[in-house]
Amino acid sequence: MNSYAGFGEAYYQVAPDLKLTAGLRWTSDHKHFLEIPSQTITIGWGYPVAGAVDQAWNEWTGRAVADWTPKLDFTDQTLIYGSFSRGYKAGGANPPPPSQLSGGDIATHPLTFAPEFINAYELGTKNTMLDGGLTLNGDVFYYDYKGYQISQI
């Protein structure tokens with residue numbers, strides 16, 4: 001497997017109490033797998049290779065954040081933030097099924113699986129009060145997955 005990425009982030013101070021952040025990432029993933037059936041060794045032959053799987057993905061992901069630091073009478077310091085980010089995780093190959101040694105049906109599964117993507121939304125606040133004696137933070141988020149990858153035996 002080879003994975004390459006390039007990324008950058010930029011900040012812009014819109015006003016003394018408002019900062020915007022934008023980030024972008026490009027990822028290139030290349031995977032090569034040999035298909036070796038899940039079985040015991042074949043006498044005289046070792047582990048037979050049934051084929052090869054080559055996969056490649058090129059994806060853009062990124063994030064955008066707004067940070068607001070208003071001056072409020074009831075806090076020493078307040079940060080209110082909102083963000084959106086998009087993430088990516090490469091797909092891959094599943095282990096090959098066992099070879100059919102005894103004749104009968106063997107349950108099969110897909111040879112490969114697709115990449116996973118997430119769109120993450122977040123709103124929150126961080127507050128310091130009582131001359132630093134109290135910290136009050138809160139956050140709400142929503143994760144929207146597509147192609148969620150989970151291992152199953």
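In what order do the 6 strands of the open sheet come? The order is 1-2-3-4-7-8, and the pairing is antiparallel. Before we walk through it, a word on what you're looking at. This is a predicted model, in which local features need pLDDT of at least 70 and side-chain atom pairs count only at pLDDT 80 or more, while totals for chains, interfaces and linings use all residues. Residues are numbered from 1 along each chain as its sequence is written, and side-chain values use heavy atoms, with hydrogens and water left out.

Let's start with the overall plan. The chain has 8 strands and 0 helices, where strands (E, at least two residues) and helices (H or I, at least four) are DSSP runs numbered from the N terminus. Reading along the sequence, you get β-β-β-β-β-β-β-β. Of the 153 residues, 24% count as buried; here buried means under 20% relative accessible area, exposed means over 50%, and partly exposed is in between, using a 1.4 Å probe and protein chains only. Contacts, meaning heavy atoms within 4.5 Å, reach a long way along the chain: among those with a separation of 6 or more, 56% are between residues 24 or more positions apart.

Now back to the sheet. Two strands count as paired if DSSP finds at least two bridges between them. At the edges stand strand 1 (2–15) and strand 8 (134–146); each has a single partner strand, so one side of each has no neighbour in the sheet. From one strand to the next, the twist averages 10°, taken between axes that are lines fitted to C-alpha atoms, with angles running from 0 to 180 degrees between N-to-C directions.

Start at the strand 1 edge and move across. A hairpin of 2 residues links strand 1 to strand 2, and these two pair antiparallel over 13 bridges. To find your place, look for Tyr4, whose bridge partner in strand 2 is Ser28. Next, strand 2 and strand 3 run antiparallel, joined by 18 bridges, and here Asp29 sits opposite Trp57 in strand 3. One step further, strand 3 (residues 51–68) meets strand 4 (residues 77–89), again antiparallel, through 7 bridges. Two pairs mark this stretch: Ala64 stands opposite Phe84, and Val65 has Ser83 as its bridge partner.

With the strands in place, zoom in on some side chains. Thr61 lies in strand 3 and counts as buried, since its relative accessibility is 10%. Setting aside neighbours within four places in sequence, Thr61 touches Gly23, Leu24 and Arg25, along with Arg86, Gly87 and Tyr88.

What about charges? The model has 2 salt bridges, a salt bridge being a side-chain nitrogen of Lys or Arg within 4 Å of a carboxyl oxygen of Asp or Glu. One of them joins Glu9 to Arg63, with the closest N and O atoms 2.8 Å apart. Because Glu9 is in strand 1 and Arg63 is in strand 3, this pair ties together parts that are 54 residues apart in sequence. Glu9 is partly exposed at 37% relative accessibility, and Arg63 is partly exposed at 38%. The other links Lys146 with Asp144, and there the closest N and O atoms are 3.2 Å apart. Lys146 is partly exposed at 48%, whereas Asp144 counts as buried at 19%.

Then there's Lys31, in strand 2 (residues 18–35). Which side chain of opposite charge is nearest to Lys31? That's Asp29, at 6.7 Å, and Lys31 is buried yet has no salt bridge. For this bookkeeping, Lys and Arg are positive and Asp and Glu negative, with His and the chain ends not counted. A polar atom of the Lys31 side chain does lie 2.6 Å from the backbone oxygen of Gly91. Lys31 also touches several residues more than four places away in sequence, including Met1, Val53, Asp54, Trp57 and Gly92.

Finally, step off the strands to Ile36, in the loop between strand 2 and strand 3. Ile36 is partly exposed, with 34% relative accessibility. Measure from its C-alpha to that of Pro95 and you'll get 7.8 Å, although Ile36 and Pro95 are 59 residues apart in sequence.

Definitions and conventions
Polar contact = N/O pair within 3.5 Å; in protein donor to acceptor, adjacent residues only side chain to side chain.
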